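Trainee: I'm new to this structure and would love a close look at one part of it. Could you walk me through the sheet and what lies around it?

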Amino acid sequence: MDASLSASFLKKNRFFFNYFCMLNSASISLRCSEGSSEVKNAKDLDRRNSVIDIKARKGGPPLVCLTAYTKPMAQWLDPYMDLLLVGDSLAMVVYGLETTRGVTLDVMINHGSAVMRGSKRACVVVDLPHGTYENSPAQAFSSAKRVLDETGAQAVKLEGGAEIADIVRYLTDKNIPVLGHIGLLPQKAESRGGYKIQGRDGEGWKQLMNDGLAIADAGAFAIVIEGTVEVLAREITESIDVPTIGIGASPSCDGQILVSDDALGLFSDFTPSFVKRYAELGEDVASAARAYAKDVRSRDFPGLEHCFGAPKNK
Ligand code: KIV
């Protein structure tokens, strides 16, 4: 096989090549159903997904990702997720702030540690919040190192394109695994005139494509693409060697992510149009609270079976 032929063979068979390397290097066994290349849920793995596993899924079965911020939610989600993101969206959905910019590194570390305690299989990634990485590679390194050392998470996520590529490269050169995030950047939405779909016009298209190439080249193991036109997300996915994880992007991305509170119906202030609701847990919480209030007011709760040292109800 000549060099160009073997390059194109490798490109076409990239997923199988990556997957083979992953299985080989990590000596893990994924229980695949006979005659099928389906990747099973994380609960069928006997260890936590690493960033190498995530990277090896380029072109393969879609990566399944959601945000998680607490131990109990991580426990519920973990069996089904390849990756859990401790996103700075928690500023809005957990703390009720107007934007994602109000959280500190300490807050992210606390939530990252909780999610690590609640998960066994998913690769856990923690967002570096606004103001903790943009100033210099050294600032980014010290923030990222704190997050990884203090939480035990597998990687950090940084928002930004070509303008932060040198920071991403500095981190990856120092063995800090980085998940990129390009397109609509919530940390910068205010300064860019709001939550707007990116890459619609020729200039924006070129810029976003360039962002994808720059962050992949800087060593990110995967890249979140948020809020852009479908064709562009697909083209970026086809142009880079690491998995793309879409949110408001394209079904062709190598994986998908949503804010779990949006998908589960826990956050009701607004629902972006790219979200699909899989449950209405907020309504379940409200109806449970209504039933509890009724029982307390009618003295139906507590029953004697809920009390200590009281005769049991017949
Ligand atoms: O903070 C977050 O939850 C995110 C996702 C929207 C990708 O960055």
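Mentor: Happy to! Keep in mind that this is a predicted model. The protein chain has 12 helices and 8 strands, and the strands are our subject here. They form a closed barrel of 8 strands, in the order β1-β2-β3-β4-β5-β6-β7-β8, with parallel pairing. Neighbouring strands of this sheet are turned against each other by 25° on average, direction ignored.

Let's zoom in on one pair. Strand β3, residues 123–127, runs parallel to strand β4, residues 155–159, and 3 bridges join the two. Here Val 125 stands opposite Ala 155 in β4.

Now step along to the helices. Helix α8, made of residues 165–173, lies across β4 and β5 (178–183), and runs at about 165° to β5. Strand β5 also meets helix α9 (residues 202–217), which lies across β5 and β6 (222–226) and runs at about 175° to β5.

Next, the ligand. Among the residues surrounding it are Asp 127, His 181, Val 224 and Glu 226. You can place these on the strands we have just visited: Asp 127 belongs to β3, His 181 to β5, and both Val 224 and Glu 226 to β6. The shell around the ligand also includes Thr 67, Leu 85 and Ile 247. By class, that shell has 5 nonpolar, 4 polar and 3 charged residues.

To set this part in the whole chain, buried residues make up 41% of its 314 residues. Of the contacts between residues at least 6 apart in sequence, 59% join residues at least 24 apart.

Methods:
Residues numbered from 1 in each chain as written. Predicted model: local features only at pLDDT ≥ 70, side-chain atom pairs only at ≥ 80, totals over all residues. Helix = DSSP H or I, 4+ residues; strand = E, 2+ residues; numbered from the N terminus. Buried ≥ 20, exposed ≤ 12 C-beta atoms within 10 Å, placed from the backbone. Contact = placed C-beta atoms within 7 Å. Near = placed C-beta within 6 Å. Nonpolar A, V, L, I, M, F, W, Y, C, P; charged D, E, K, R; others polar. Pairing = 2+ DSSP bridges. Axes fitted to C-alpha atoms, helices over the stretch in contact; angles between N-to-C directions.
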